[in-house]
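Subject: Structure handover

Hello,

Here is the structure I said I would pass on. My notes on it follow below.

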Amino acid sequence: MSFRLETVTPDNVQDACALQVEPWQEKFVAPVAVSLAEAYAQPTVAWPRLVYADDRLAGFIMGGFDPNSPIDYFRCGIWRLNVAAGHQRTGCGRFAVEQLCVEARRRGQNRVTVLWVPHPDGPEQFYLRLGFTPTGQTFHGQTVAERFLD
């Protein structure tokens, strides 16, 4: 399986909005349509991308790049990661996160952050496996974690 990132366009936006995660994950991540509305409202900060596995839509990632944010963990980070039902454990999420890290480096950043809701079924173990470390901070009950880039 070959993964690639694509920008959201008029040709794929309906498919993007129809992307669904596994039902038990719905409580941990906003629907793609909500993320795209946030991206539309912050076009200079938000970085939304679709993840394709070969020719099938497999996921969505949105980063936020605001190096002047007064909140350090909002300067460069993962805002959303939605992996489509049926594409779990295929490498899609890892690919998306690594591509966001490539974009962060391209923008001169050396640290990427992510927030998650602490819960046994949440994404904590996924992010820890990718090298993120909790900072000890929380934001609205979410754990703040960081990964320093090489």
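In which loop is the place of His87? His87 sits in the loop between strand 4 and helix 3. Please keep in mind throughout that this is a predicted model.

His87 is buried, with a relative accessible area of 7%. Leaving aside residues up to four places away in sequence, His87 touches Ala53, Arg56, Leu57, Ala58 and Cys92. Trp24 is 63 residues from His87 along the chain, and the C-alpha atoms of the two are separated by 14 Å.

Another buried loop residue is Asn12, at a relative accessible area of 9%. Asn12 belongs to the loop between strand 1 (3-6) and helix 1 (13-18). With residues up to four places away in sequence not counted, the contacts of Asn12 are Thr7, Leu50 and Tyr52.

Next, helix 3. This helix covers residues 92-106, and its 15 residues should span 21 Å at 1.5 Å a residue. The C-alpha atoms at its ends are 21 Å apart, so the expected and modelled spans agree. Buried residues in helix 3 are Cys92, Gly93, Phe95, Ala96, Val97, Leu100, Cys101, Glu103 and Ala104. After the helix comes Gly108, with a positive phi near 85°.

The nonpolar cores come next. As a general point, nonpolar side chains in soluble globular proteins tend to be buried together. The largest nonpolar core here has 26 residues, and those touching the most other members are Ile61, Ile78, Val97, Val112, Tyr127 and Phe132. At least two residues of this core come from each of strand 2 (46-53), strand 3, strand 4, helix 3 and strand 5 (111-116). Helix 3 gives the most, with seven residues. A second core, separate from this one, has 12 residues, among them Ala46, Tyr52, Phe60 and Met62.

For one member of the largest core I listed the contacts. Ile61 touches Leu5, Trp47, Pro48, Arg49, Ile78, Arg80, Leu81, Ala96, Val97 and Leu100, again not counting residues up to four places away in sequence.

On to the strands. Strand 6 (residues 133-139) pairs with strand 7 (residues 142-148) in the antiparallel sense, over four bridges. The two form a hairpin with two residues between them, and His140 in the turn has a positive phi of about 50°. Thr138 has Thr143 of strand 7 as its bridge partner, and Thr133 stands opposite Glu146 in strand 7.

Strand 7 is also joined to strand 5, by six bridges and again antiparallel. Here Val114 has Ala145 of strand 7 as its bridge partner. Five of the seven residues of strand 7 are buried, so this strand is largely enclosed by the rest of the structure.

Aromatic rings: the structure holds eight aromatic pairs. In one of them, Phe74 and Phe139 have ring centres 5.1 Å apart and planes at 90°, so the pair is edge-to-face. Phe74 is in the loop between strand 3 (56-65) and strand 4 (76-83), while Phe139 is in strand 6, so the pair ties together parts that are 65 residues apart in sequence. Both rings belong to partly exposed residues: Phe74 has a relative accessible area of 23%, and Phe139 has one of 24%. Elsewhere, ring pairs link Trp116, Phe126, Tyr127 and Phe132 into a cluster. Of that cluster, Tyr127 and Phe132 were named above among the residues that touch the most other members of the largest core.

Last, the cysteines. How many disulfides are there? The count comes to zero. For Cys17, the closest cysteine sulfur is that of Cys92, 17 Å away, which is too far for a bond. Cys92 is likewise in no disulfide, with the nearest cysteine sulfur, that of Cys101, 15 Å away. Cys17 counts as partly exposed, at 37% relative accessibility, whereas Cys92 counts as buried, at 2%. Cys92 is also one of the residues that His87 touches.

Regards

Conventions:
Residues numbered from 1 in each chain as written. Predicted model: local features only at pLDDT ≥ 70, side-chain atom pairs only at ≥ 80, totals over all residues. Heavy atoms only, no water. Pairing = 2+ DSSP bridges. Expected span 1.5 Å × (residues − 1). Buried < 20%, exposed > 50% of the residue type's maximum accessible area, 1.4 Å probe, protein only. Phe/Tyr/Trp six-rings, centres within 6.5 Å; stacked < 30°, edge-to-face > 60°. Core = buried A, V, L, I, M, F, W, Y, C linked by side-chain atoms within 4.5 Å. Contact = heavy atoms within 4.5 Å. Disulfide = S-S within 2.5 Å.
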